[in-house]
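Biologist: Please take a close look at the salt bridges in this model. I would like to know which residues pair and how exposed they are.

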Amino acid sequence: MNGVLKGMLSEWFSSGFLNLERVTWHSPCEVLQKISEAEAVHPVKNWMDMKRRVGPYRRCYFFSHCSTPGEPLVVLHLALTSEISSSIQAIVKECPPSETEEKNRIAAAIFYSISLTQQGLQGVELGTFLIKRVVKELQKEFPHLGTFSSLSPIPGFTKWLLGLLNSQAKDHGRNELFTDSESKEISEIIGGPVNETLKGFLSSSEWVRSEKLVRALQAPLMRLCAWYLYGEKHRGYALNPVANFHLQNGAVLWRINWMADVSLKGLSGSCGLMVNYRYHLEETAANSTAYLGSKNIKASEQVLSLVAQFQKNSKL
């Protein structure tokens with residue numbers, strides 16, 4: 001029954017029936033309200049926040065079905081920037097460089113949020129279609145635009161890491177998560193055994209208040225995060241659902257960013273880390289085929305170097 005329903009919904013919501021609509025501050029109030037309420041990745045705080053997200057150097061698009069125009073099914077937010085963003089604060093909190101867009105300032109399009117408004121449509125490839133359509137729209141508007149990337153959350157990383165710390169604490173053997181010098185430094189800062197005490201620190205967002213601890217955790221957490229995204233698998237594909245989505249689309253696991261989302265949600269979900277999945281348009285079809293067929297993850301030198309460091313330090 002599940003398979004039949006999914007097949008029917010995939011046909012009813014195939015790209016031919018979907019209309020691409022852009023949201024601006026002049027869109028109907030009820031559309032802005034729905035977009036604001038649908039935002040699942042970086043919640044909209046107020047109307048000024050919403051105005052910024054549909055204003056200069058920002059774009060918001062959604063798909064609606066031809067039978068229900070104006071009713072968002074899936075929503076994509078993006079920022080037009082001079083380079084690939086490494087922090088969400090710069091996108092959702094800071095004001096754009098000017099009220100009028102200067103095309104020569106725009107060199108990259110950063111997809112920073114994609115939200116499904118109808119949970120029943122999970123598994124129907126709406127997000128993939130939407131990104132492809134939006135890229136075409138942007139290329140029409142900015143023919144010189146050549147850099148496309150996401151700035152994505154890493155949901156589940158903190159939970160996975162706490163599970164590792166838990167099993168290491170019970171093991172009492174060699175610490176495989178931290179080098180001896182890292183363990184010594186972290187232990188001195190937190191005043192207790194690394195695995196046990198760190199669990200408590202990472203379970204709350206208090207640890208970011210200690211500059212020393214933030215510095216000491218950067219190298220090990222970057223390394224662990226690279227392994228989580230690249231090495232942890234479910235049926236041979238990336239365990240992390242956001243990674244799996246972008247890799248299926250043919251993106252490259254490009255850069256892991258430290259302290260990229262210091263909101264409560266960002267710290268509790270992924271210790272403040274975020275990742276860029278970069279879309280090299282001429283390579284996405286080949287990358288997607290390699291991932292879906294052979295389960296090969298295309299990753300940058302930064303990510304592969306971090307994975308190698310993790311493997312050197314661990315027998316996981």
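Modeller: Arg-105 pairs with Glu-102 in a salt bridge, with 3.6 Å between the closest N and O atoms. A salt bridge here is a side-chain nitrogen of Lys or Arg within 4 Å of a carboxyl oxygen of Asp or Glu. Side chains of opposite charge can pair when their charged atoms come close.

This is a predicted model, in which local features need pLDDT of at least 70 and side-chain atom pairs count only at pLDDT 80 or more, while totals for chains, interfaces and linings use all residues. Residues are numbered from 1 along each chain as its sequence is written, and side-chain values use heavy atoms, with hydrogens and water left out.

Arg-105 has a relative accessibility of 39% and counts as partly exposed; Glu-102, at 34%, also counts as partly exposed. The classes are buried for under 20% relative accessible area, exposed for over 50%, and partly exposed in between (1.4 Å probe, protein chains only).

A search of the whole structure gives twelve salt bridges. One of them joins Glu-137 to Lys-140, where the closest N and O atoms are 3.3 Å apart. Both residues belong to helix H5 (residues 126-141) and sit three residues apart, about one turn of the helix. Helices are DSSP runs (H or I, at least four residues), as are strands (E, at least two), and they are numbered from the N terminus. Glu-137 is partly exposed at 28% relative accessibility, whereas Lys-140 is exposed at 62%.

Another salt bridge links Glu-196 and Lys-199, with the closest N and O atoms 4.0 Å apart. These residues are three apart in helix H8, so about one helical turn separates Glu-196 from Lys-199. Glu-196 has a relative accessible area of 45% and is partly exposed; Lys-199, at 18%, is buried. Elsewhere, Asp-49, Arg-52 and Arg-53 are joined into one network by salt bridges that share partners.

Helix H8 (194-203) also has a neighbour to consider: the buried residues of H7 pack against H8 and against helix H9 (211-231), contact meaning heavy atoms within 4.5 Å. Those buried residues of H7 (residues 180-190) are Glu-182, Ser-183, Ile-186 and Ile-190. They line one face of the helix, because they fall within an arc of 95° seen down the axis of H7; the arc is that of the directions from the helix axis to the C-beta atoms. The face turned away from the buried side of H7 carries the exposed residues Asp-180, Ser-181, Lys-184 and Glu-188.
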